[in-house]
Amino acid sequence: MKKSRTVLVASLVSLGIMVVIFSVLVVKLQLDRPVVFHQYMELPLYPQDVGMKGEYFTLDLLQNRTDERQLLFLSFPEAEEVQAHLISPWNSGFWTFQGTEILGEGVGPYRKTTYEFHVILESVLEEELALTKVKLHFNDDSVMETDLGKLVLFPVKIDQEDPVGIFSSSSSSEREEIREGRANREFKILGISSSLLDEAKKYFQLSVNGVKLEEDMDLRVRSGEALSFTAKGLKKKGADHYVIFRLSPKFRYMDTTLEEKSFRLEMVHERLMNLETLDIIRYLKERGEI
């Protein structure tokens, strides 16, 4: 009997210690504020009857499970004229927007929600506009300003005829994206440029038909030639594992008119996938969030 009592006391003590340790860990892992996953994105804006409208873009937000606030809209302190209208929140797990379930996908002590937005601009954008800060507006009237990464807005010329027609695209689990196309006329690629090129070089190898894409090139393309634009992802380490990219570099070229022209081609469109609890904790520590 005495032995059984000793075993019971030891078990209760062990359980109590485990509860204390778990409680301390939960407190230490709590976020002081929501975290926006950094993204580097080039987003096209199309002319409208009034102003311009962009394709949808996503923003991934990480919150404590106990934080039930929902994101309503975004604003940008570097360009107050840019508006970001919420389309819908979504995730791969459980939620009902009007119901009682918590919005977001559970990741350990956190939940991650992906929000979709349309960018609206009432005026006409003539040149690229780079945004690195964002204000989050929540449904409890609270507002939080934080780093975004870099969102580059660029105007699309509807009447422009590109020298390459893209007819297929594919991607693999190895982070390789391929765009297949064909040249509709003879031209020479003079190089590529992008406001995100420095960041992109750390994460991807960019090439066309096996030739590395550089800022200065002299690559001749025949009319009717098949072209394969490839972005091969490099291995990510640490906090870089959760960096999001959407890259549409500008290709400078010259055709038979002997005038230097340019076209854009989306080569990378990554989303945030497969979150693991331990990796997220390491990521938050590297960013100084916990």
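The exercises below walk through a predicted model, each with a worked solution. Residues are numbered from 1 along each chain as its sequence is written, and side-chain values use heavy atoms, with hydrogens and water left out. Because the model is predicted, local features need pLDDT of at least 70 and side-chain atom pairs count only at pLDDT 80 or more, whereas totals for chains, interfaces and linings use all residues.

**Exercise 1. Strand 2 and its partners**

Task: find which strands pair with strand 2, and in which sense, parallel or antiparallel.

Solution. Begin with the terms: helices (H or I, at least four residues) and strands (E, at least two) are DSSP runs, numbered from the N terminus, and two strands pair if DSSP finds at least two bridges between them. Strand 2 covers residues 39-47, and strand 10 covers 143-155. Seven bridges join strand 2 to strand 10 in the parallel sense, with L43 standing opposite L153 in strand 10. Strand 2 also runs parallel to strand 18 (residues 244-247), to which three bridges join it, and here M41 stands opposite R246. With strand 3, by contrast, strand 2 runs antiparallel over three bridges, and Y46 stands opposite K53. The hairpin of strand 2 and strand 3 has four residues between the strands, and in this hairpin G51 takes a positive phi near 75°.

As a last step, consider burial, where buried means under 20% relative accessible area, exposed over 50%, and partly exposed in between (1.4 Å probe, protein chains only). Seven of the nine residues of strand 2 are buried, so strand 2 is largely enclosed by the rest of the structure.

**Exercise 2. Strand 8 and the place of T114**

Task: describe how strand 8 is paired, and then say whether T114 is buried or exposed.

Solution. Strand 8 spans residues 110-121 and contains T114. Strand 3 (residues 52-54) is joined to strand 8 by two bridges and runs antiparallel to it, the bridge partner of K53 being I120. Strand 4 (residues 57-64) also runs antiparallel to strand 8, with eight bridges between them, and Q63 has R111 as its bridge partner. Strand 7 (residues 105-107) pairs with strand 8 in the antiparallel sense over three bridges, where R111 is the bridge partner of G106. Two residues lie between the strands in the hairpin of strand 7 and strand 8, in which G108 takes a positive phi near 60°.

Now turn to T114 itself, which counts as buried because its relative accessibility is 2%. Its surroundings agree with the strand as a whole: ten of the twelve residues of strand 8 are buried, so the strand is largely enclosed by the rest of the structure. The side chain of T114 makes a polar contact (a pair of N or O atoms within 3.5 Å; within protein, one must be able to donate a hydrogen and the other to accept it, and residues adjacent in sequence count only if both atoms are side-chain atoms) of 2.4 Å with the side chain of D60. A further polar contact, at 3.1 Å, links the side chains of T114 and K112.

**Exercise 3. The edges of an open sheet**

Task: which strands stand at the edges of the open sheet of five strands, and why is one side of each left without a neighbour?

Solution. First write down the order of the sheet, which is 11-12-17-14-15 with antiparallel pairing. Strand 11 (164-171) and strand 15 (211-212) stand at the edges, and each has a single partner strand, so one side of each has no neighbour in the sheet. At one of these edges, strand 14 (residues 204-208) and strand 15 pair in the antiparallel sense over two bridges, and S207 stands opposite K212.

**Exercise 4. The two sides of helix 3**

Task: which residues of helix 3 are buried, and where do they lie around the axis?

Solution. Helix 3 runs over residues 277-286, and its buried residues are I280, I281, Y283 and L284. They lie on the same side of helix 3, because they cover an arc of only 160° around the axis, the arc being that of the directions from the helix axis to the C-beta atoms. L278, K285 and E286 are exposed on the other side of helix 3. Just after the helix, G288 takes a positive phi of about 75°.
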